[in-house]
Amino acid sequence: MSQKTVLVFGGSGIVGQGAIRALLEKAYRVVAVFRDAESADKAKSRLGNPSENTFVSVLGTLDSDEAASALRDSVNKAGEITDVVASIGGWWQKGPILQQSLEEYNAVQKGHLQPHFMAVKTFLPLIADKEGSSYTFITGGLSNYVVPNAGFITLFVGAVAKLALVVRSEYSTKPVRVNEFCICTPVQPWDAVSGGVSNLDMGRAITGVVTYPKTRDASLQVKPDNLDKLAATGAL
């Protein structure tokens, strides 16, 4: 078995679950973060109840410095991590952004940009000096265009992309490979694909980036026609 242990954020989501399944296929050990036990149990069941030797669920949040510190301690108890995949943030489509309250703005920011910032701030230093390590930000193509009434997604996914850019620059001299994996196509669950890309195929592409050392300090624009190449080589 490979010695990689991959910390995954967003294991309850479609992309995150595909990434976990693909990482397990590669015989990597996965430590996945969930907000509560119910979410962890549902994800584990959907994954076919993998053994505790290969899959560990950790409960916690990134809502504050204190919460992130407690989560880091829990992750450390689960074992030494070598890589991180951060697939954080859900959908939002409630209308034009200038019609939204400050409360709504803060809520969406807290669900998208803040957890990415807290995750990379807390966990990148743990792997930054390890040869062969990687930190992968999962973002989306909506950072480059606007869907009607979903402007906050463009705003905050775009902010996460810029966060990834800054972190890549600041850590460019470290052994860790920091990449943005920008998904530019709809993704659907592996057992309910109808016109989109399977989250398992997407997960295999993410796993390729984690596995192969060719790509570092990159923003990967991921589309259906380059998934196989990413899965096989980790590069475009």
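## A guided tour from strand β6

Begin by selecting strand β6 together with strand β9 (residues 219-222): the two run parallel and are joined by four bridges. Strands are DSSP runs of E of at least two residues, helices are runs of H or I of at least four, and both are numbered from the N terminus; two strands pair if DSSP finds at least two bridges between them. The model is predicted, so local features need pLDDT of at least 70 and side-chain atom pairs count only at pLDDT 80 or more, while totals for chains, interfaces and linings use all residues. Residues are numbered from 1 along each chain as its sequence is written, and side-chain values use heavy atoms, with hydrogens and water left out.

**Strand β6 and its neighbours**

Within the β6–β9 pairing, select Ile183, which stands opposite Val222 in β9. Next, colour β6 (residues 177-183) by accessibility: seven of its seven residues are buried, where buried means under 20% relative accessible area, exposed over 50% and partly exposed in between, with a 1.4 Å probe and protein chains only. In a regular strand the side chains alternate between the two faces of the sheet. Here Arg177, Asn179, Phe181 and Ile183 point one way, Val178, Glu180 and Cys182 point the other way, and all are buried.

Now add strand β5 (residues 134-140), which runs parallel to β6 and is joined to it by seven bridges. On this side, Tyr135 is found opposite Val178 of β6. Include helix α6 in the selection, and β5, α6 and β6 form a right-handed β-α-β unit; a crossover is right-handed if, with the strands pointing away from the viewer, the path from the first strand over the helix to the second runs clockwise.

On the way from β5 to α6, stop at Asn149, in the loop between these two elements. Its phi is near 70°, a positive value in a residue other than glycine. Asn149 has a relative accessible area of 40% and is therefore partly exposed.

**Aromatic rings at helix α6**

Display the side chains of Phe152 and Phe156, which both lie in α6 (residues 151-170), four residues apart, about one turn of the helix. An α-helix has 3.6 residues a turn, so residues three or four places apart point the same way. Both Phe152 and Phe156 are buried.

The structure holds six aromatic pairs. Phe152 and Phe156 form a tilted pair, because their ring centres are 5.8 Å apart and their planes lie at 45°. Rings of Phe, Tyr and Trp (its six-membered ring) pair if their centres lie within 6.5 Å, and planes under 30 degrees apart count as stacked, over 60 as edge-to-face and the rest as tilted. Add Trp92 and Tyr105 to the selection: ring pairs link these two with Phe152 and Phe156 into a cluster.

**Trp190 and helix α7**

Select Trp190 next. The charged end of Arg21 sits over its ring, 4.5 Å from the centre, and Arg46 lies over the face of Trp190 at 4.8 Å from the ring centre. A charge sits over a ring if NZ of Lys or CZ of Arg is within 6 Å of the ring centre and within 35 degrees of the ring normal.

From the backbone nitrogen of Trp190, follow the contact at 2.7 Å to the side chain of Asn199; a polar contact is a pair of N or O atoms within 3.5 Å, where, within protein, one must be able to donate a hydrogen and the other to accept it, and residues adjacent in sequence count only if both atoms are side-chain atoms. Asn199 belongs to helix α7 and counts as buried because its relative accessibility is 1%.

Extend the selection to all of α7 (residues 199-211), whose 13 residues reach 18 Å from first C-alpha to last, close to the 18 Å expected at 1.5 Å a residue; the expected span is 1.5 Å times one less than the number of residues. Of these 13 residues, 11 are buried. At the N-terminal end, Ser198 caps α7, with a side-chain oxygen 3.0 Å from the backbone nitrogen of Leu200.

**Strands β2 and β3**

Finally, select β2 (residues 29-34) and β3 (residues 55-59), parallel strands joined by five bridges. With helix α2 (residues 37-46), they make another right-handed β-α-β unit. Val31 of β2 has Val56 as its bridge partner in β3. Val31 is buried, with a relative accessible area of 0%. In the loop between α2 and β3, select Asn49, whose phi is near 55°, again a positive value in a residue other than glycine. Asn49 is exposed, with a relative accessible area of 51%.
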